[in-house]
Amino acid sequence: MCDCGEKAHAKPIRLIAAACNNMGIGKNGYLPWNLPSEFTFFLDTISSVSTPGMKNLLVWGRKCWEAFPESLRPLPNTMHVVLSRTLRQVISVPKHAQYLCSDLQGSVKLGSTHPLSEVIETIWIIGGVEPYIEALQHPWCDLVYLTDVQADFECDTYFPEFNNNVYKLVDEFPGVPSGIQEENGIKFKYQVFKKVAQ
Ligand SMILES: NC(=O)c1ccc[n+]([C@@H]2O[C@H](COP(=O)([O-])OP(=O)(O)OC[C@H]3O[C@@H](n4cnc5c(N)ncnc54)[C@H](OP(=O)(O)O)[C@@H]3O)[C@@H](O)[C@H]2O)c1
């Protein structure tokens with residue numbers, strides 16, 4: 001159960017990732033592949049809100065945050081939490097709200113209680129592995145966006161196993177292109193897994 005407290009307003013928690021044939025997601029701190037349209041889909045998804053004025057809270061492991069290109073900041077409609085047990089502060093970027101939490105539950109609490117709860121629509125878990133593992137167990141986690149990169153890449157970081165009886169692949173999902181995509185000679189498919197009622 002979530003121990004966010006009585007004043008918590010439940011927010012959808014969603015994971016987003018792309019994984020190749022061996023479920024690899026990263027190599028040497030970066031993505032193993034160059035798929036610009038998939039990356040654009042990622043950016044569009046995490047920065048999209050249904051109600052003007054609302055924002056998404058993006059939860060980043062410290063390494064993912066550090067590797068994210070400065071040129072893409074700030075992302076529209078977003079606020080950011082970096083997870084770290086070692087950092088004491090995150091460097092402030094103008095017009096770019098940032099928070100630091102020492103565990104995932106702290107970031108969920110931040111987004112679901114006053115004052116951020118008034119403006120946060122969705123809590124997106126950007127990775128890496130540990131935030132994904134914890135978020136998959138969270139009762140508010142309803143969707144997993146997981147692009148299937150249909151190729152072999154050498155990786156050192158892997159998307160965690162998750163229970164296909166709990167998260168079921170959806171045939172078609174609004175806003176998500178269907179069918180096999182191809183870029184730079186690499187085939188890939190956008191997928192969304194939805195948590196079934198337990
Ligand atoms: N393909 C994809 O979709 C995708 C998505 C995300 C990431 N990636 C790849 O994955 C790799 C990075 O992932 P990673 O798993 O190695 O690193 P990460 O999760 O980005 O960063 C790890 C660090 O984050 C902090 N952290 C993580 N979970 C925490 C928690 N629950 N509580 C407090 N602090 C926490 C710790 O920081 P401190 O050491 O400061 O305590 C930890 O050392 C890169 O290669 C990246 O490109 C790929």
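In this predicted model, a polar backbone atom of V129 lies 2.9 Å from an oxygen atom of the ligand. Two further backbone approaches complete this part of the picture. A polar backbone atom of C64 is found 2.8 Å from an oxygen atom of the ligand, while a nitrogen atom of the ligand has a backbone N or O atom of I25 at a distance of 3.0 Å. Considered by itself, the ligand would expose 910 Å², and 87% of that area is buried by the protein.

The ligand is housed in the largest pocket. Several elements each contribute two or more residues to the shell around it, namely the strands β1 (13–19), β2 (24–26) and β6 (120–127) together with the helices α2 (62–67) and α4 (129–136). Of these, α4 makes the greatest contribution, supplying five residues to the shell. V129, whose backbone was met above beside a ligand oxygen, is the residue at which α4 begins. C64 falls within the span of α2, and I25 within that of β2.

The shell comprises 28 residues, and those that come nearest to the ligand are A18, S84, R85, T86 and E134. A18 belongs to the stretch covered by β1, and E134 to the stretch covered by α4. In chemical character the shell is mixed, with 12 nonpolar, nine polar and seven charged residues.

Turning to contacts between side chains, the structure contains six salt bridges. One of these joins E154 and K27, with an N to O distance of 3.2 Å. E154 is located in the loop between β7 (141–149) and β8 (157–158), and K27 in the loop between β2 and α1 (36–46), so this pair links parts of the chain that lie 127 residues apart in sequence.

The backbone offers a few details that are worth a look in the loops. M23, which sits in the loop between β1 and β2, adopts a positive phi of about 65 degrees even though it is not a glycine. The two strands on either side of this loop are among the elements that give two or more residues to the ligand shell.

Cis peptide bonds also deserve mention. The bond from R73 to P74 is cis, with omega near -5 degrees, and P74 is placed in the loop between α2 and β4 (78–83). Likewise, the bond from H114 to P115 is cis, here with omega near 5 degrees; P115 lies in the loop that runs between α3 (104–112) and β6.

How values were computed:
Residues are numbered from 1 along each chain as its sequence is written. This is a predicted model: local features need pLDDT of at least 70, side-chain atom pairs count only at pLDDT 80 or more; totals for chains, interfaces and linings use all residues. Side-chain values use heavy atoms; hydrogens and water are left out. A residue is near a molecule or strand if one of its heavy atoms lies within 4 Å of it. A polar contact is a pair of N or O atoms within 3.5 Å; within protein, one must be able to donate a hydrogen and the other to accept it, and residues adjacent in sequence count only if both atoms are side-chain atoms. Accessible areas come from the Shrake-Rupley method with a 1.4 Å probe; for residues, only the protein chains shown count as cover. On a 1 Å grid over the protein atoms alone, a cavity is a set of points where a 1.4 Å probe fits but cannot get out, and a pocket is an open set with protein on both sides within 12 Å along at least five of seven lines; lining residues have an atom within 4 Å of a point. A molecule sits in a cavity or pocket if more than half of its atoms lie within 2 Å of its grid points. Helices (H or I, at least four residues) and strands (E, at least two) are DSSP runs, numbered from the N terminus. Ala, Val, Leu, Ile, Met, Phe, Trp, Tyr, Cys and Pro count as nonpolar, Asp, Glu, Lys and Arg as charged, and the others, Gly among them, as polar. A salt bridge is a side-chain nitrogen of Lys or Arg within 4 Å of a carboxyl oxygen of Asp or Glu.
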